Amino acid sequence: MKYSIQNHYQNLANKYDDFWSSSPDFIRFLGQNIISSLQLVPRDILVDLGCGTGIFSKAILSQLSLDNPIICVDPSDKMLAKVPNNDQYKPLVKDAVEFAHESGQYDKILIKEMIHHIEDKEKLLEGLFQRLNLGGILLLILLPPTIEYPLFTEALKTYEAVQPNYNDLVAIFEKIGFKTTVNFVDYPVSIAKEKYFEMVENRYMSLLSRFDDQQLQQGLMEMREKYHEKSTLEFCDRFVFMLGNKS
Ligand SMILES: C[S@@+](CC[C@H](N)C(=O)[O-])C[C@H]1O[C@@H](n2cnc3c(N)ncnc32)[C@H](O)[C@@H]1O
């Protein structure tokens, strides 16, 4: 199987929300943290860049009303098709870098677990700095350089080789002119082993698209051996919350 991000998300769109459907507390918890980090207020014009199916836009709107629709941007039309079809959301099929270099002014921008798909991160972030109103905030959420996920060894090794390091992003933020703050947000995950294995089998992370069917099955065998005594998997899901203020 050829590794392609576009195909990965087009194929995943129908399953994506199911992965998280049994974790409403997790979604609510991150939603709360996003609202407070972005200091969201009703008059804000918010962009959810690389929004996917809009899980976190929905989490925001379940806790706070906004006067304007959330601008939900994603190049995968199939992921975007899952965003609710009502006037609280304005879906836009578009690449983030392109969006960042088109006209438009916004108060708050959320990027959650999308930055690893962007080759020219500086170009994206420079554009977004221009798009923000004075006093605006960019919240970039990504995973740290190492993770505790109960994945197979090769997957964790590949993750560490390809995941952008937030320290490099801090340097870019500061070069561009963002006043930058980094926080870590931890969530203790407890998930039924079979549910997690099914997510891995369905390549719930784009990282897993780097492995062909045979490699994935081998990896799952390794996980089955390692966790054969467990029915529930427990680990800490740590997120890096990078805040860029345009002051
Ligand atoms: C891991 S998902 C995260 C979705 C959502 N932010 C969330 O946390 O549920 C990554 C998303 O980034 C999108 N994406 C990939 N390349 C992109 C690009 N160049 N510009 C904008 N979004 C992109 C994918 O289509 C996918 O929906």
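This text walks through a predicted model, from its sheet to its ligand shell and two loop residues.

Start with the sheet. Seven strands form an open sheet in the order E3-E2-E1-E4-E5-E7-E6, and the pairing is mixed. Strand E3 (89-93) and strand E6 (179-192) are the edge strands, each pairing on one side only. On average, neighbouring strands of this sheet are turned by 20 degrees against each other, direction ignored.

Now follow the pairings. Strand E1 (residues 46-49) runs parallel to strand E2 (residues 70-74), and three bridges join the two. E1 also pairs with E4 in the parallel sense, over four bridges. E4 in turn pairs with E5, again in the parallel sense, over six bridges. Tyr106 has Leu132 as its bridge partner in E5. E4 is mostly covered, with six of its seven residues buried.

Leu49 is a good place to pause. This residue is found in strand E1. Its bridge partner in E2 is Val73. In E4, Leu49 stands opposite Ile111. Is Leu49 buried or exposed? Leu49 counts as buried because 26 other C-beta atoms lie within 10 Å, and the cut-off for a buried residue is 20 or more. Leaving aside neighbours within four places in sequence, the contacts of Leu49 are Val73, Ala96, Phe99, Ile109, Leu110, Ile111 and Met114. Glu98 is 49 residues from Leu49 along the chain, and the C-alpha atoms of the two are separated by 11 Å.

Next come the helices. Which helices pack on the sheet? Helix H2 (residues 24-38) does, touching E4, E5, E6 and strand E7 (232-245). The direction of H2 makes about 150 degrees with that of E5. H6 packs on the sheet too, touching E4 and E5. Its direction makes about 145 degrees with that of E5.

H6 repays a closer look. In this helix (residues 121-131), the buried residues are Leu124, Leu125, Leu128 and Arg131. Why do these residues share a side of H6? They lie on the same side because they cover an arc of only 115 degrees around the axis. The spacing fits a general rule: an α-helix has 3.6 residues a turn, so residues three or four places apart point the same way. The cover over the buried residues of H6 includes helix H5 (96-100), strand E4 (106-112), strand E5 (132-142) and helix H8 (166-176).

Turn to the ligand. How many residues surround the ligand? There are 18, and the closest are Gly50, Gly52, Ser76, Ala96 and His117. By class, the shell holds 10 nonpolar, four polar and four charged residues. Helix H1 (5-21) and helix H3 (55-61) each supply at least two residues of this shell. Ala96, one of the closest residues to the ligand, is also among the contacts of Leu49.

Two loop residues close the tour. Most residues other than glycine have a negative phi. Gln39 is not a glycine, yet has a positive phi of about 50 degrees. Gln39 sits in the loop between H2 and E1. With 14 other C-beta atoms within 10 Å, Gln39 is partly exposed. Arg203 also has a positive phi, near 55 degrees, and is a residue other than glycine. Its place is the loop between helix H9 (193-201) and helix H10 (213-226). Arg203 is partly exposed, with 19 other C-beta atoms within 10 Å.

Key
Residues are numbered from 1 along each chain as its sequence is written. This is a predicted model: local features need pLDDT of at least 70, side-chain atom pairs count only at pLDDT 80 or more; totals for chains, interfaces and linings use all residues. A residue is near a molecule or strand if its C-beta atom, placed from the backbone, lies within 6 Å of it. Ala, Val, Leu, Ile, Met, Phe, Trp, Tyr, Cys and Pro count as nonpolar, Asp, Glu, Lys and Arg as charged, and the others, Gly among them, as polar. A residue is buried if 20 or more other C-beta atoms lie within 10 Å of its own, exposed if 12 or fewer, and partly exposed in between; C-beta atoms are placed from the backbone. The arc is that of the directions from the helix axis to the C-beta atoms. Two residues are in contact if their C-beta atoms, placed from the backbone, lie within 7 Å. Two strands pair if DSSP finds at least two bridges between them. Axes are lines fitted to C-alpha atoms, for helices over the stretch in contact, and angles run from 0 to 180 degrees between N-to-C directions.
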